[in-house]
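Welcome, and thanks for taking a look at this one with me. Below are a few numbered points to help you find your way around.

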Amino acid sequence: MRFFVAFACILCLAGCRAPASSSSQPPPGPSPAAAGDANAGRDAPGATLAEDATTDAGSGGQPPAVERACTRDEDCAVARIGVSGEHVCCASCVFTPGTRRWHAALQRFCGPRPPGPCYPLACPEGPTRAVCRAGLCEATADGVDGGYVRVGVERRCMPSMICDAWTGCALVVGNDQDGWFVEESARATRGDIVSIGNVCTSGGKPCEAARVHPASITCPPHSVPPLISPPSFTCGMDAGECR
């Protein structure tokens, strides 16, 4: 009898201790301080300015999807860089037609993002003239007269302006069909959109310049055009740099 009583007590003690020894507590979650570190600086003034300027063209940091809907030839452009995949932003033999708006977004996306490993080009270039046919942008090698045509890409070193203020010299690349974009500038981001033309309204003579349109800057409107005189400097290539 004493044996069974003792054995029952042993089982009772073992049963009482089993839950404590076999149960596992869930791993502790991140402390409030650690959770805050993950978002540290996100609301700091100016912290996202540069990031926003480079990601607005592609959702989630992705290149913009090709857009081809058009109503006239002037709506279209031809991209000469990779538009997606492993070689996005690399110089490409496959030219992609699309809208000028999409092409500008692609340039703005690729500008501040150096491309990854690019393959060497050893192939003929694709057609370069952008046209709108049946409501879609296409690329063709045929000119208006039916003969072969090639739309080249130019690089120009010229005075630049943001809003109505001179900002020194800028090296711009592009053409009138596909648009002009910043290649090098001390005051603008590579890939920013550029419009080229006469900007002077004072001084007695016109002056051609690159008016830069950064994604992160909205120029204030004005009801009366400001008086803009020619710049006090000239620009030219010196040792491979636009100065």
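**Notes for a first look**

1. Let's begin with Asp-178, in the loop that joins strand E6 (165-175) to strand E7 (179-185). Please keep in mind throughout that this is a predicted model. Asp-178 has a relative accessibility of 4%, and because buried means under 20%, Asp-178 counts as buried.

2. What does the side chain of Asp-178 reach at 3.0 Å? The partner is the backbone nitrogen of Val-78. Leaving aside residues up to four places away in sequence, Asp-178 touches Ala-77, Val-78, Arg-80, Arg-100 and His-103.

3. Next, a look at helix H4, which covers residues 100-110. This helix is mostly covered, with nine of its eleven residues buried. Among the buried ones are Trp-102, His-103, Gln-107 and Phe-109.

4. Now to the largest pocket, with a volume of about 600 Å³. Of the 30 residues lining this pocket, Arg-80, Ile-81, Gln-107, Val-173 and Arg-190 are the closest to its centre. Strand E1 (76-81), strand E2 (91-99), H4, E6 and E7 each give the lining at least two residues. How does the lining divide by class? It has 15 nonpolar, eight polar and seven charged residues.

5. The largest nonpolar core is worth finding on your screen. Eleven residues make up this core, including Met-158, Ile-162, Val-172, Trp-180, Val-182 and Val-212. Strand E5 (154-162), E6, E7 and strand E9 (208-213) each supply at least two of its residues. Another core, of nine residues, lies apart from this one, and its members include Ala-79, Cys-89, Trp-102 and Phe-109. As background, nonpolar side chains in soluble globular proteins tend to be buried together.

6. Val-182, a member of the largest nonpolar core, is a helpful residue to zoom in on. Not counting residues up to four places away in sequence, Val-182 touches Leu-171, Ala-188, Thr-189, Arg-190, Gly-191, Asp-192, Val-194 and Val-212. Ala-188, Val-194 and Val-212 also belong to that core.

7. Finally, Val-131 sits in strand E3 (residues 129-133). Is Val-131 buried or exposed? Val-131 counts as buried, because its relative accessibility is 3%. With residues up to four places away in sequence set aside, the contacts of Val-131 are Asp-73, Cys-76, Leu-136, Cys-137, Glu-138 and Thr-140. Val-131 and Gly-98 are 33 residues apart in sequence, and their C-alpha atoms are 9.5 Å apart in space.

Key:
Residues are numbered from 1 along each chain as its sequence is written. This is a predicted model: local features need pLDDT of at least 70, side-chain atom pairs count only at pLDDT 80 or more; totals for chains, interfaces and linings use all residues. Side-chain values use heavy atoms; hydrogens and water are left out. Helices (H or I, at least four residues) and strands (E, at least two) are DSSP runs, numbered from the N terminus. Buried means under 20% relative accessible area, exposed over 50%, partly exposed in between (1.4 Å probe, protein chains only). A polar contact is a pair of N or O atoms within 3.5 Å; within protein, one must be able to donate a hydrogen and the other to accept it, and residues adjacent in sequence count only if both atoms are side-chain atoms. Contact means heavy atoms within 4.5 Å. On a 1 Å grid over the protein atoms alone, a cavity is a set of points where a 1.4 Å probe fits but cannot get out, and a pocket is an open set with protein on both sides within 12 Å along at least five of seven lines; lining residues have an atom within 4 Å of a point. Grid points are joined across faces, edges and corners, and a volume is the space filled by probe spheres set on the points. Ala, Val, Leu, Ile, Met, Phe, Trp, Tyr, Cys and Pro count as nonpolar, Asp, Glu, Lys and Arg as charged, and the others, Gly among them, as polar. A nonpolar core is a set of buried Ala, Val, Leu, Ile, Met, Phe, Trp, Tyr and Cys residues joined through side-chain atoms within 4.5 Å.
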